[in-house]
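Hello,

Here is the structure I promised to hand over. Please open it first, then read the notes below it.

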Amino acid sequence: MNYESFFRSQLDGLRREGRYRVFAEIERRRGAYPRATRHRDGTQGEVTVWCSNDYLGMGQHPKVLAAMHEALDRHGAGAGGTRNISGTNREHVLLEEELADLHGTEAALLFNSGYMSNWATLSTLASRMPGCVIVSDEMNHASMIEGMRHSRAERRVFRHNDVADLRRVLAGLPAGAPKLVAFESVYSMDGDIAPIAEICDAAEEFGAMTYCDEVHATGLYGPRGGGITERDGVARRVTVIEGTLAKAFGVIGGYIAGSAAMCDFVRSHASGFIFSTALPPAVAAGARAAIRHLKGSQAERDTLQERARTLRRRLDAINVPHLDNPSHIVPVMVCDPVLCKTISDLLLDRHGIYVQPINYPTVPRGTERLRITPGPVHTDADMDHLVESLEAVWSQFRLRRAA
């Protein structure tokens, strides 16, 4: 087999479909975010970032940076090992305590990423309980699906956010079988929110555990940033709350929160935890500083929601279609992979606006979009520039579609 030819042919197919992904080399500048420097072909130019998951700009916050500098000076760069072998630093322990307090749970457990926390936890729980059946929302994230697959447990799928269909699936399972209902709180591409209380009602009725991915909600919702489960007063009803440190909290890492026994069970059996080097202590310190700040500050959350409402209103005024949802995520619908990439390129090259095109397999074919994430770091002038630029580029898109 000509392996190189095979690789090239597959990549050519992605290009023809408009799904070939090109990295935008963006250098965020401390103190200037969302302004960043774009590096391309040996040149540099300024761009404004409108698609970051650093939703609140905490990756630039003085408290976070100060905590990381102090921890770096105290502990050095890396953790030096896995959590089991020399890698458990005081910063990790304090962060897990902070996360447990955030969610009102007995314990929390750190992972190196949100992807790993989903993959390792779901695969461990489902594989270690004989006869476990996972009941999964059809729109769950790839990391959750990979964990389910790796567990080799039976998996049933219910229609997205459809509690009646969830009940139908649960009712068809053996009463005595272990069951785990897996879902997200805020879905990252459409921005819709799960009816968590109703899902918990159904799970409790049929004796199922619940697993809620809160990565796009922690720090952003609830009076202390505990997510939708905190906002809706249902955190104590969820068996496993999974979150990330890489979005609202501005650094990197993932975690689960729940009972002490559940966290200890995963800690003791999850290969993705056992065999991974621990997070650098400075990262853990920065995450803890972000969490502590957002527990006591509502200003960032309030401004985030105001920015999202303002952008939706202004998109309506220029007739640019977007998915209506109750969250901070604003998906501008293009519904064509080639045009989605074209619009993104025009915004970046001509207007200095960086919004990444989202294509299959991240979203279903025919639902390609620009996923815009306005936040408290975006000024009124930034908003004016985005809307004016999008209107100018969108007019070309309309003409092209009409042709």
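Start with the second largest pocket, since its lining makes a good entry point. Its lining residues divide into six nonpolar, three polar and six charged. Please keep in mind that this is a predicted model.

**The pocket**

The second largest pocket has a volume of about 250 Å³. Its lining counts 15 residues, and those closest to the centre are Val22, Arg38, Lys341, Asp345 and Leu348. Two elements, strand S2 (35–40) and helix H13 (337–351), each supply at least two lining residues. Which element gives the most to this lining? H13 does, with five residues.

**The sheet with S2**

S2 also belongs to an open sheet of four strands, in the order S1-S2-S3-S12. The pairing in this sheet is mixed. Its edges are strand S1 (25–28) and strand S12 (353–354), and each of these pairs on one side only. S2 pairs with strand S3 (residues 43–49) in the antiparallel sense, over six bridges. To find the register, look at Arg35: its bridge partner in S3 is Thr48. In general, strands of a sheet pair through backbone hydrogen bonds.

**A parallel pair**

Now move to strand S5 (residues 133–137). S5 and S6 run parallel and are joined by five bridges. Here Ser136 stands opposite Val157 in S6. Together with H5, these two strands make a β-α-β unit, and the unit is right-handed.

**Two cis peptide bonds**

Two prolines deserve a look. Tyr33 and Pro34 are joined by a cis peptide bond, with omega about 20°. Pro34 sits in the loop between S1 and S2. The bond from Tyr360 to Pro361 is cis as well, with omega near 10°. Pro361 lies in the loop between strand S13 (357–358) and strand S14 (369–372).

**Two positive phi values**

Arg152 is not a glycine, yet its phi is positive, near 65°. You will find Arg152 in the loop between helix H5 (142–151) and strand S6 (154–158). Is Arg152 buried or exposed? Arg152 counts as exposed, because its relative accessibility is 80%.

Cys335 also has a positive phi, near 65°. Cys335 lies in the loop between strand S11 (330–333) and H13. At 36% relative accessibility, Cys335 counts as partly exposed.

**The cysteines**

How many disulfides does the structure hold? The number is zero. Take Cys132, which is in no disulfide. The nearest cysteine sulfur belongs to Cys200 and is 16 Å away. Cys132 is buried, with a relative accessible area of 3%.

Why does Cys263 form no bond with the closest cysteine? The closest cysteine sulfur is in Cys212, 15 Å away, and this is too far for a bond. A disulfide needs the two sulfur atoms within 2.5 Å. Cys263 is buried too, at a relative accessible area of 4%.

**The cavities**

The structure holds two cavities of 30 Å³ or more.

- The largest cavity has about 90 Å³ of space. Among the residues that line it are Arg83, His92, Asn112, Met116 and Thr277. Strand S4 (107–111) and helix H10 (271–274) each supply at least two residues of this lining. The lining divides into six nonpolar, five polar and one charged.
- The second largest cavity has a volume of about 40 Å³. Its lining includes Tyr33, Cys51, Asp54, Gly375 and His378. This lining divides into five nonpolar, four polar and one charged.

Note that Tyr33 turns up twice: Tyr33 helps line the second largest cavity, and Tyr33 is also joined to Pro34 by a cis peptide bond.

**Where to look**

For a quick tour, begin at H13, which gives five residues to the lining of the second largest pocket. Go on to S2, which supplies at least two residues to that lining and pairs with S3. Then visit the right-handed unit of S5, H5 and S6. Finish at the largest cavity, where S4 and H10 each supply at least two lining residues.

Best wishes

Methods:
Residues numbered from 1 in each chain as written. Predicted model: local features only at pLDDT ≥ 70, side-chain atom pairs only at ≥ 80, totals over all residues. Heavy atoms only, no water. 1 Å grid on protein atoms, 1.4 Å probe; cavity = no way out; pocket = protein on both sides within 12 Å on 5 of 7 lines; lining within 4 Å. Points joined across faces, edges and corners; volume = space filled by probe spheres on them. Nonpolar A, V, L, I, M, F, W, Y, C, P; charged D, E, K, R; others polar. Pairing = 2+ DSSP bridges. Buried < 20%, exposed > 50% of the residue type's maximum accessible area, 1.4 Å probe, protein only. Right-handed = clockwise from strand over helix to strand, strands pointing away.
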